[in-house]
Number of protein chains: 2
Amino acid sequence: MTPHPTERTVFVVSDSTGITAETFSHSVLSQFDQARFKSIRVPFIDSAEKADEVVARINRCALEEQHAPLVFSTLVNPAVALRVRHANCTFLDLFGTFIKPVEEALGLKSNHSIGRSHSVGLSKQYNNRIEAINFSLAHDDGQFIHGLEQADVILIGVSRCGKTPTSLYLAMQYAIKAANFPLIPEDFERRALPTTLVPYRNKLFGLSIQPVRLSEVRNERRPNSDYASLKQCRYEVAEAERLMRMENIPWLSTTTRSIEEISTKVLEEVGLNRQAY
Amino acid sequence: MTPHPTERTVFVVSDSTGITAETFSHSVLSQFDQARFKSIRVPFIDSAEKADEVVARINRCALEEQHAPLVFSTLVNPAVALRVRHANCTFLDLFGTFIKPVEEALGLKSNHSIGRSHSVGLSKQYNNRIEAINFSLAHDDGQFIHGLEQADVILIGVSRCGKTPTSLYLAMQYAIKAANFPLIPEDFERRALPTTLVPYRNKLFGLSIQPVRLSEVRNERRPNSDYASLKQCRYEVAEAERLMRMENIPWLSTTTRSIEEISTKVLEEVGLNRQAY
């Protein structure tokens, strides 16, 4: 541990939302444990005037902190990018770096048009996405049985194991109609899948979780309840896993995984090759 | 229009989920209108053996299609990346390209550790995110009034203008507690905000939409209803916008914007500087 870690300001500059650039910057910066970063996203920089404002802001920051900030840019317009490049910074040009080799590989010229990736507006894709979100909301926690035949996947597992966030992420990012259905003590006594789900066996995917973690999560909701007790969590998780094994349903543990990782595993296992938005 | 557009296969190879790389590849490829792309995401490539399988797959594809595929890589491990680089492809090394200039700027060595960006596991951040999703779900469509004082933002607008997807996106990506509340004909007759919302004026942000588009969206839900009629949509939108103007509530139109764009605008206007996951 150094007593004074390296602290740097990071600008994420984009002519669109900058969300992609920001997420990318996190994955690069996460490689530098020793440093601390303060990230500032500057979206919708689509003119020379706005570029000049950003330049002034970067230069001010460099002066104040006595360090040139890092700038991750996905500016598409070469003239706008050039202005920002000349600020007092380490300029990381995500867009410009890769557009040329892609042009060469394709033998085509790029359009240099702004904000195309998220500007899906009224397109079919966009409607599919909204429809999937509505579907997943309506089919959260087994609340609505009608229409399950339209589901792309049905997540099952004990209460609070991560089904809802995963369903919503799959819908939001991949326009996947992801329903989810709880496995409850009643099912464990019967040692059988909820009868509602039997016709959709091939759409089922299980999520499980370590009992200690589950108990923590449930205790936040209902402190000191039987429901949240380690004993109850151990029982439910053991029974749910036994049931999924018996019924040959693919499943994974959510305990140390992010929503993105769980969703990616589900897509792989279920064999859905969808493209992210 | 060319009769036979350039068609290419694109591999997105990552030792983690590859979601960031995939989204980035979309934003680069969206610059090539003339071409069509088939994108294959290959996540969790974290060993030499898995790298060699990917190389074989890329080479097979190159042979079949008589074109070297494009490969977007966020492989962190240099040895694994090197193997894939040697496949018959145009190798676009997102990670390797930027790690060096960042090392130089910081005067630090990177950890070269895999899958750090999404492996948030049990961290505080991760819990905040889940908590925000639960909050936004519980406070969707004004269904639950208790706890609104904890909201970071409360989206208002007529039914089906895009409040729910935006709330969920803000929660999912930014751990923002985003409630949403409908503006309904009753409010328009009274020409006043729903009384529930009055104490939270400074958290309100309005969404609006073009009446023609709103009518389309509502018609999908309730075909040929009064609710979906263009006349009703025109009335509600005009009244909602008048109310928001009168009450000095910032608002924007969702009509031609993606969920990402709307969310980014909301963050800017509300002055929340949160970092994406």
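A residue counts as buried here if 20 or more other C-beta atoms lie within 10 Å of its own, exposed if 12 or fewer, and partly exposed in between, with C-beta atoms placed from the backbone. This is a predicted model, where local features need pLDDT of at least 70, side-chain atom pairs count only at pLDDT 80 or more, and totals for chains, interfaces and linings use all residues. Residues are numbered from 1 along each chain as its sequence is written, while chains are lettered from A and ligands numbered from 1 in the order in which they are written.

**View 1. B:Val266, tucked into helix α10 of chain B.** The helix covers residues 259-270; helices (H or I, at least four residues) and strands (E, at least two) are DSSP runs, numbered from the N terminus. B:Val266 is buried because 25 other C-beta atoms lie within 10 Å. Leaving out residues up to four places away in sequence, B:Val266 touches B:Val153, B:Thr166, B:Leu170 and B:Phe205; contact means C-beta atoms, placed from the backbone, within 7 Å. B:Arg190 is another story: it sits 76 residues from B:Val266 in sequence and 27 Å away in space, C-alpha to C-alpha.

**View 2. The open sheet of chain A.** Four strands line up as β6-β5-β7-β8, with parallel pairing; two strands pair if DSSP finds at least two bridges between them. β6 (178-182) and β8 (251-253) of chain A are at the edges with a single partner strand each, so one side of each has no neighbour in the sheet. From one strand to the next, the twist averages 25°. Look at β7 (residues 204-208) of chain A, which pairs with β8(A) over three bridges, and find A:Leu207 bridged to A:Leu252. Helix α6 (residues 163-174) of chain A lies across β5 (153-157), β6 and β7, running at about 170° to β6(A). Axes are lines fitted to C-alpha atoms, for helices over the stretch in contact, and angles run from 0 to 180 degrees between N-to-C directions.

**View 3. Two nonpolar cores.** A nonpolar core is a set of buried Ala, Val, Leu, Ile, Met, Phe, Trp, Tyr and Cys residues joined through C-beta atoms within 7 Å. The largest has 81 residues, and A:Val153, A:Ile154, A:Ala171, B:Ile154 and B:Ala171 have the most contacts inside it. Apart from it lies another core, of 62 residues, with A:Phe72, A:Cys89, B:Val76 and B:Cys89 among them.

**View 4. Two loop residues of chain B with positive phi.** Most residues other than glycine have a negative phi. B:Gln66 has a positive phi of about 60° though it isn't a glycine, and its place is the loop between α2 (48-65) and β3 (70-73) of chain B. B:Asn248 also has a positive phi of about 60° without being a glycine; find it in the loop between α9 and β8 (251-253) of chain B. B:Gln66 is exposed, with 6 other C-beta atoms within 10 Å, and B:Asn248 is exposed with 8.

**View 5. The axis relating chains A and B.** A rotation of 180° with 0.0 Å of shift along its axis superposes chain A on chain B (RMSD 0.0 Å), which is the relation of a two-fold axis. The fit is by least squares on the C-alpha atoms of residues with pLDDT of at least 70 in both copies. Of the residues of chain A, A:Thr20 comes closest to the rotation axis, at 3.3 Å (C-alpha). The same surface serves both copies, with 100% of the contact residues of chain A recurring in chain B.

Key:
Contact = placed C-beta atoms within 7 Å.
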